[in-house]
2 protein chains.
Amino acid sequence: MRASDKAYAALREDIVEWRLAPGTVLAEVEQSERLGVSRTPLREALGRLTAEGLTTAGGRGVVVTDISLEDIDELFELRETLEGRAAALAARRGDAATFERLQRELLQAPELISGDDPALHDYYELVGRLDTAIDAAISNSYLAQAMRSLRVHLVRIRRLAADDACRLTAAAAEHAAIAEAIAAGNPKLAEAATVVHLHRSLSHVKATHASHPKEHHG
Amino acid sequence: MRASDKAYAALREDIVEWRLAPGTVLAEVEQSERLGVSRTPLREALGRLTAEGLTTAGGRGVVVTDISLEDIDELFELRETLEGRAAALAARRGDAATFERLQRELLQAPELISGDDPALHDYYELVGRLDTAIDAAISNSYLAQAMRSLRVHLVRIRRLAADDACRLTAAAAEHAAIAEAIAAGNPKLAEAATVVHLHRSLSHVKATHASHPKEHHG
DNA sequence: ATCCGACTTTCTGTATACAGAACCCTTGTG
DNA sequence: CACAAGGGTTCTGTATACAGAAAGTCGGAT
């Protein structure tokens, strides 16, 4: 693995896991020493992060980009646009059997959620497989790329919302509805199911954030 | 201006103006000598281009990304998704007076088009102002960023379509219709007008490309 | 004649040294 | 006491040198 990849992966994870708070300045020498790489690959890593929007190139050095409540609204507005369209396209172009299988697995997901942590990991992996299947079904690399670059920011927000078992169970049912609509080849229904899911998800995030707004500033 | 910015601007223009054909390998020493900068800032420029999708980091060196006919379809599918939504949002949130003014200017655009080259530049600048006004009206930085990263690729395609006076006049009328719908605060109409414009534009590009498909391979 | 392998060459990836610029702190003055 | 100017420090931006890897090439063997 290249040193620049290592630095990129480490910094990216530090940012999405909120170990590096928004506003933190990433000085080159400081970070290169911390990560055990030279300044050259570190600069390349910072460039990639800035291109993704996780960091911003300010006057002196790059700073971790802030995510505020208005940003969450904007983020979900774009997400609704992209994923709604993606679901509709997947319903037109996707393979029915693939999504029927995913739907069956998602309907059994509550067993995973009620379990302990390792089972939870299986659940997240299952949801990831649905995303991947949609990406493949739409057969549009530009749209898929736009969704990938969006998901980076969504992971950052997910850490703010304490996903309890109740919400995860509901989310699994919503995902199953999306998979069902795609398998049925119904574009409008697939888009509608996606919009519903995203709105519920957004409401949950905002409700969580409103109740413990300062959890991550300590 | 930094050396990396200079290299980035030069390479980007070379690519979108088709002076660097798709598939061209950009060797670091060769390009750094050609552009008069060192390898370090050149690498940063290549990284930015790769992040935008204009180049691809293959096995050895980076190569100019190819744009095929299927890519054009994919590109316009994403464009319809993003710009359709953007027009709808602008109709809800935009300032009516701004778009009324733009509509009036666009209705007078045929005078610019029938003229010679300097007037044509004024026309392109006017269309750019409409894009900028929509970007500002939606007040969603993530959506705006997604559209900006998409426009880079569209400029590349625009060079393939010989925009004759006939098509430009029609396009101006379509743009005026979009501005009118936004000024009227009608989201569905604004989206529909945008979809119509994009489909006409796509048809024109494909028709042009079908008649002289090999123009840029000499 | 063709295919496999080692060698050579060239390119990328990384480290480091140096120069210029930006920021901060200090000091002097109004 | 406030503010501005100067110097000093620290950081970024750039160039270059070196090492490792990949691709091309040449030679030998089957």
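I began at the surface near DNA strand D and found that its largest share, 3 residues, comes from H3(B). I note at once that this is a predicted model, and I read every contact below with that in mind.

Next I looked up which residues stand around the strand: there are 15 residues around DNA strand D, and A:Arg39, B:Arg2, B:Ala3, B:Ser38 and B:Arg60 come nearest. Of the atoms of DNA strand D that come within 4 Å of the protein, sugar and phosphate account for 56%. Sorting the surface near DNA strand D by class, I counted 7 charged residues, 4 polar and 4 nonpolar.

I then went through single polar contacts. On chain A, a polar side-chain atom of A:Arg43 lies 3.1 Å from a phosphate oxygen of DNA strand D, and a polar backbone atom of A:Glu28 is 3.2 Å from a phosphate oxygen of that strand. On chain B, I found a polar side-chain atom of B:Thr40 at 2.9 Å from a base nitrogen of DNA strand D. The elements giving two or more residues to this surface are helix H3 (39-52) of chain A, together with helix H1 (3-16) and helix H3 (39-52) of chain B.

Last, I asked how the two protein chains are related. Chain B is superposed on chain A by a rotation of 180 degrees with 0.0 Å of shift along its axis, at an RMSD of 0.1 Å, and the two copies are thus related as by a two-fold rotation axis. I also noted that 100% of the interface residues of chain B are interface residues in chain A as well, so the copies meet through the same surface.

Definitions and conventions. Residues numbered from 1 in each chain as written. Chains lettered and ligands numbered in written order. Predicted model: local features only at pLDDT ≥ 70, side-chain atom pairs only at ≥ 80, totals over all residues. Heavy atoms only, no water. Least-squares fit on C-alpha atoms with pLDDT ≥ 70 in both. Contact = heavy atoms within 4.5 Å. Near = heavy atom within 4 Å. Polar contact = N/O pair within 3.5 Å; in protein donor to acceptor, adjacent residues only side chain to side chain. Helix = DSSP H or I, 4+ residues; strand = E, 2+ residues; numbered from the N terminus. Nonpolar A, V, L, I, M, F, W, Y, C, P; charged D, E, K, R; others polar.
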